[in-house]
Amino acid sequence: MVKDSSFGKLYRLLAGDLRPQLGKLVLVTLLGSVVAFGEKAPMLLIVPLFSRVLFSAPAGDAQQHNPAMAAVLELFDRVLAQVAPWVSSDATGNGGEQGKLAVLATVAVLMFLLTALNALAQFVLTLLSRWVALRVVVDLRQRLARHIIGLSMRYHGERQFGDVLSRISSDVNQTLNSVNLTLKDLVQQPLQLVGALVVAAIVAPLPTLVVLVALPLVIAPIAKLGRRVRKRSTKSLASLGASLEVLTQMFTGIRTVKAFRAEERELGRYREVNEKYLGAAMKMVRAVATIEAATTLFSHLGFALVLVVAGWATLEFSIFTSAGEMATFFAGIGMIYTHVKRITTAVNHVQESAGAADRLSAILDERQDIVEHASARAVHSLGRGIEFERVGFTYPAQALPALSGVSLHVRPGETLALVGPSGAGKTTMIDLLARFIDVSQGRITVDGHDLRELKLDDWTHMYAMVGQVPFLFHATVRENILYGKPSASPAEIEAAARAAHIHEFIQSLPQGYETIVGDQGARLSGGQRQRITIARAVLKNAPLLLLDEATSALDSESEAEVQRALDGLMRERTVIVIAHRLSTIRNADRIVVLDRGAIVEVGRHEELLALGGHYARLHAMQFRAAAAAAQ
Ligand SMILES: Nc1ncnc2c1ncn2[C@@H]1O[C@H](COP(=O)(O)OP(=O)(O)O)[C@@H](O)[C@H]1O
Ligand SMILES: [Mg+2]
C-alpha cells in the first residue's frame, strides 16, 4: 500500500549502499530487541510485587486462572525462595516486614541493573544505527556525484546548478532522516509494541486479544492520510530546489547584480520563491498535523473504550484477580498506544522523504549517454585524420538541429578555422569532437574508426581544449596547471608556463606557483587566467588542439599576449580553431564557414573572399574594423 511504496522507493534508492551494511543492520535489530525487552520486562514484576510483598496475597494461586501469569508468579516465588527464603516461608503476609523491605530493595537493584544494561544497549544501538545511516548517505552522495559528473553535456547543458545542489544536499539529508528513523523508531517501536502486547497478554490474555483486533481500526485511517503527505513533500522539495537556484544565480552573477544595483530585485525574487516554498511546505505540514491529531484522537478513544469495556468486564465477571494485574494490563495497553503513535509519526517522516527519494532516483535513472563499450579500441594518433560523415546533432527539447549533414575531413597537422555567425553550430562541432555529446546522425571517425568505439581515456588524451571562459579551480597556480598532466615534474610545469608566456607573471605573485587562485579568479585578469589554461594545454601536449574563441573575451592587449602563447601551442599540431581574429583565420590552412548548422563554404582566405559569398559578407561585417585597426 502507501507504506510499501514509500519504503520501497527508499529501499530501491539505497539497496546498493545498504547491502555491505547487512551485518550491522542485523545487529541493530538485535540490539533493538534487547532494548525493547529490557524496557518491558520490569513491568512483569508489578504483579508479584503487589501480591507477594506489598499487599496481602490472594488466598492461594488456585484462584489464578491465567496460566502465563501463574508461571510468572511461580518463577518469582522460586527466585524469592533463593534470594530471601524468610519471606517466601511467610508468604501469607503475617509479619516479616523487615524481610519484605529486603525483597523490595532486591527488586529495585535488579530493576536498576536491568535498566543500566538497557541503557548500554541503547547507547550502542544509537551509535551503530546512526553510523550505518551516515555511511549509507555518504556513499549515496558519492554515487550521485559520480553519476551526475558522468552525464554528458546534453544533461548539464539544460540542468540548473541549484537543482543539482539541492538534490545532493537537502534531498539526501531528508533521506538520512528517513534512514535514521527507520533504523531507530521503526525497528524499536514495533518491537516495543510487541513487548507491551506480550506483557498485557500474560496478565490478561482475553482483553489483550480484543485490543489487538481493534488496533487496525486505529491504524487504517492514519495510513490513508499518509498518501497526501508524500505528494506534498515532492512539491515542497521542488520549490526548495527553485529557491536554491535563485540563490546560486544571485551569487555567481554577483558582479552583474552589483553593477546594476539589482540587490533588492534579486532579494525580492529570492523572497518570492521562499514564500512559495513556505506555502508548499505548510501544505505538507498541515497533512502531517492532521495525521498526528487523528492518531492522538483515535488512540485515546481506543484507550477510553478499553477502559470502559475492561472495567465493565471486571465488575461483571471479575476478569482480573488482583489490582496489580489490572494496573499492569492498563500500563501495557497505554504503552501500546504510545508506540502506535511513535510508529505513525516515523512512518509520516518517511513519507515526507519519499519525494526526496523520488527526485534522487530520477537522477540515478538518467541514462549515461557517453559510455565506453567493452570492446573499445585504443588510440594513440590521429592517423589519416578526422572525418565528419554526414554528422547531425539536435539538442534535447530543441526543434531545429544544431548541425545537419556536416561532412568534413580534417587532415593531420593542418590548422582549420571554423567561422560563422553566432549560433551557427561551431561550438557544437568542437563539443562533438571532445565527446561532451555524441552525434544524433552520421558519425565522426578518427583514422577510420568511429569516435564512439574508442577508449574514452585514450581519446581524451588525444586533445587539449582551450575555451572562451578560462576556468581556474580554487587551488594553487601549480595545481591548476597540473590539471593538464598530474604526473608532471616542477621543471615541466615551469616549461609549460614559459611556453604560455605566463611564467614571469606567476613568479611575481606573492607565493609564486603556490598562490591560490579562485574559481572566479578575482586576483587575475582574464588574459592571465587564459594563459594559465593555455599552460595547462601545453603541459598536456596532445596532438589535437581545440580552440573555441580563446581570445574573444579579452581586451586587445591581453589578446595579443594570449595569442603569442597560443601561436607556440598551435605549432606542429592538428588545430581546430574557432576564431574571430583575422590574423588567425588568414594563417589557417583552410577555413570552414558554417551557417545554420551546415557547412556552406570551405577554402583559403583569398579564395573565399574572391567567391563573394558567406565568408566575404562575414568578413565585411566582422573584420573590416579589425582590418582597419591593423593597418
Ligand atoms: N545546451 C544547449 N541546449 C540547447 N540548445 C543549444 C545548446 N547549446 C547550443 N544550442 C543551440 O545550438 C545552436 C548552435 O549553437 P553553438 O554550437 O553554440 O553555436 P556557435 O558556437 O556557432 O555560436 C544554437 O542555435 C544554439 O541556440
Ligand atoms: Mg560558440
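**Exercise 1.** Determine which residue follows α11 and what sign its phi has.

Solution. Ser318 comes directly after α11, and its phi is positive, near 40 degrees. The model is predicted, with local features needing pLDDT of at least 70, side-chain atom pairs counting only at pLDDT 80 or more, and totals for chains, interfaces and linings using all residues. Residues are numbered from 1 along each chain as its sequence is written, chains are lettered from A and ligands numbered from 1 in the order in which they are written, and side-chain values use heavy atoms, leaving out hydrogens and water. Helices here are DSSP runs (H or I, at least four residues), numbered from the N terminus.

**Exercise 2.** Compare the reach of α11 with its expected span.

Solution. The expected span is 1.5 Å times one less than the number of residues. With 55 residues, α11 reaches 78 Å from its first C-alpha to its last, close to the expected 81 Å.

**Exercise 3.** Locate the salt bridge of Arg135 and describe its setting.

Solution. A salt bridge places a side-chain nitrogen of Lys or Arg within 4 Å of a carboxyl oxygen of Asp or Glu. The side chain of Arg135 meets that of Asp139 at 3.0 Å, N to O. Both residues belong to helix α6 (residues 97-150), where they stand four residues apart, about one turn of the helix. In the whole structure, a search finds 21 salt bridges.

Notes:
Helix = DSSP H or I, 4+ residues; strand = E, 2+ residues; numbered from the N terminus.
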